[in-house]
Amino acid sequence: MEVLKIATAGSVDDGKSTLIGRLLYDTKSLTDDKLEAIEKTSKQKGYDYLDFSLVTDGLVAEREQGITIDVAHIYFSTPTKSYIIADTPGHLEYTRNMVTGASTSQAAIILIDARKGVIDQTNRHFFINNLLRIKEVIVAINKMDLVDFSEERYQEIKADFEELMGKRDYQDQKITFIPVSALKGDNVVNPSINMPWYKGQTLLEHFEDLDKEDVYNVGTPRFPVQYVIRPKTEEFHDFRGFAGKVYGGELSVGDEVVVLPSMTRSKIKEIYFYDKKYQTATRRSSVTITLEDEVNVSRGDMLVKVGDLPTIDKQFTATVSWMDSQNLNLGNKYVLQHGVNKVLAKVENIHHKIKPDYSGVDTEVSGLAMNDIAQVTFRLNKPIFYDTFKEHRTNGSFILIDNQTNNTAGVGFIE
Amino acid sequence: MSIIETDLDTVLDVEQSKVLGALRNNDLENEAIYIFREVAAQFERPVLLFSGGKDSITLVRLAQKAFYPAKIPFPLMHIDTGHNFPETIAFRDKLVQELDLELIVRNVQDSIDQGKVVEESGKYASRNILQTTTLLDAIEEFKFDACIGGARRDEEKARAKERIFSVRDDFGQWDEKNQRPEVFDMLNGQIELGQNVRVFPISNWTELDVWSYIQKEAIEIPSIYFAHKRKIFLRDGFIWSAEDDVVFRAEDEVVEERMVRFRTVGDMSCTAAVLSDADTIEKVVGEIRASKISERGARIDDKRSEAAMEKRKQQGYF
């Protein structure tokens, strides 16, 4: 069975929690004890409908303020797919959580309140989903019940959103519009009887039909070595296995490979998954590889196919999304973690800040504050082996770690 | 040898040249293995917290897979409340011996005897919360910098917010509002001396995922997970074991014998049973699939208040 991870984004009152609650309720994923708890609390609060937000807002502070302040993960399944929803808060100050949720998702839902239409927040949510190159975006126009299920209003909002789409960088992103009422249950799991003019799929039908191969980005095979396995037992006396996850494409026994950064060439001898050997390792599989020759390989090194070399450089420019309360300034030094490889990085140049609502760039920049997005050039103490983020979502991204606080301070997408 | 292209998640077998079956957990399994390897590479003194429950047993299998043909490169640690099911303890000792692993046991009873914690009393007395002190002391004693646990995000709403690498300060506390963002696959394990990281390799698994995996991998689990005859009594709609004196029982609470099994195996004093005839793994998986009660619905410690788990986690509980 497949696993599909979906990021949700919406503003404070767009009804995101209600939509998720509705998905769980109509797929019968809520257990009796959870339902009871929701009914009990809804009643205590004096609501005459079920308050689904209790399903997602897990932290006390969130329940107090009635808002979502951190990424929450919600799980449900249908007979054909397992779903993970990364529920991320939509307010301006929590861009970092949106980036976090979207980075591991294959699809995203952008919620629009039908009464308000496309607002600044919508631009922002779309911008981030596009920046992170999420392949499937569903624009759910919610609260249709409050605009009399009007097709005209739906078309109006759709046209406004399509205007935005012209400005996006990642043009191949697939966008689907669905008019819904999360509160009443229209077009979430079950088709709406109130909107006969809408002939498309419901939200869940759409997800069920998504082809998994299509939602993952393909690139060239990259094998960053996480860990060297040396059992030193009698049976495996000379065993040196390179443990890691295959990204982008597949690797097979007999493939000629280059070890980076040493540029040593060898051939793949064996591919282990646990105690069995395989001919081929497909992308996203966590395997252990042995090589024909005795080659010096350690954590942070990378195996790639001969002729498929990434860029090897000590300097590059990237789009950075800043996530820390301490600003990124010119000349600052950070630990740059690229996959499992760590180097030191210095901020060489901050070119411009990108306004994440398609309103242009800001060239007068001294530093980056939390939630800023900017184009930045870094110089490294050692070369890394990278692809651009466009070519390779994994090998084209990195995080910046503040050496004083050890916090993950930012994430970058290499250009 | 021809390679059959069918699914991106499959790996092909050299001998049989066929696609491996059941792909249900492959993404999740690959993710867990990746996390285990990051732990071994990024930390000096990791430990796997082992309770004898199905989640920690699953962790052991995943760790075996991550490091084969080498042994699991860290010890197991059990915080023993002294109120464990005897079947669990027997199972633990057998597993450790079979896999030739190092096992550390620290006892809540010792913390009580040293006066560090006070035993609860009354109808709902449990040693579940007391475990935290014993755990934090053990982390300090062995200077563990990474503690691997089997918590899952689907279990409970505060756990839904938990990171895969979750940093604890030197008081073992969780600052849930100031968590490190986790983007793509990258895990940041950089910490200061005295801090530690709680690691959750099966964060994204659901209860059904774990059970399906146990079935697929034919992993052995303690017998109390399967239906068996047990002396029980009813209280507040929960079924309690009456076979030992760990669970407080009032005189008017009547004991009867029923077919039951445990869906989660925690401290006996806070783990209720469910009525069940499921005596094989197939039947258990079928039952979980059809169940309408969440797993922690049988954990009385979560019923104390709406925010019971969040409070315990802030204090250093798993």
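## How two helices cross

Is the crossing of H6(A) and H7(A) left-handed or right-handed? In this predicted model, H6(A) and H7(A) cross in a right-handed way. To find them, look in chain A for helix H6 at residues 120-131 and helix H7 at residues 151-165. Their axes sit 11 Å apart and make an angle of about 45°, so H6(A) counts as oblique to H7(A).

Now for who touches whom. H6(A) brings Thr122(A), Asn123(A) and Phe126(A) to the contact, while H7(A) offers Phe161(A), Leu164(A) and Met165(A). Sort these contact residues by type and you get four nonpolar, two polar and no charged.

## Chain A as a whole

Zooming out, chain A has nine helices and 24 strands. It runs to 415 residues, and 63% of them are buried. Take the contacts in chain A between residues at least 6 apart in sequence: 69% of those join residues at least 24 apart.

## A helix tucked inside

Helix H1 of chain A covers residues 16-26, and ten of its eleven residues are buried, so the rest of the structure largely encloses this helix. The buried set starts with Lys16(A), Ser17(A), Thr18(A), Leu19(A) and Ile20(A). It carries on with Gly21(A), Arg22(A), Leu23(A), Leu24(A) and Asp26(A). Just past the end of H1(A) comes Lys28(A), which has a positive phi of about 55°.

## A threonine in a strand

Next, pick out Thr176(A), which lies in strand E6 of chain A, residues 174-179. Its relative accessibility is 18%, and the cut-off for buried is under 20%, so Thr176(A) counts as buried.

What does Thr176(A) contact, leaving aside its neighbours within four places in sequence? The answer is Val137(A), Ile138(A), Val139(A) and His206(A).

## Over in chain B: a helix with two sides

Chain B has its own helix H7, at residues 281-290, where Ile281(B), Val284(B), Val285(B) and Ile288(B) are buried. Look down the axis of H7(B) and these buried residues fall within an arc of 100°, so they line one face of the helix. On the other side of H7(B), Arg289(B) and Ala290(B) are exposed.

So what covers the buried residues of H7(B)? The cover includes two elements of chain B: helix H6 (207-217) and strand E9 (256-261).

Terms used. Residues numbered from 1 in each chain as written. Chains lettered and ligands numbered in written order. Predicted model: local features only at pLDDT ≥ 70, side-chain atom pairs only at ≥ 80, totals over all residues. Heavy atoms only, no water. Axes fitted to C-alpha atoms, helices over the stretch in contact; angles between N-to-C directions. Helix = DSSP H or I, 4+ residues; strand = E, 2+ residues; numbered from the N terminus. Parallel < 35°, antiparallel > 145°, perpendicular 65-115°, else oblique. Left-handed = near helix turned anticlockwise from the far one by under 90°. Contact = heavy atoms within 4.5 Å. Nonpolar A, V, L, I, M, F, W, Y, C, P; charged D, E, K, R; others polar. Buried < 20%, exposed > 50% of the residue type's maximum accessible area, 1.4 Å probe, protein only. Arc of directions from axis to C-beta.
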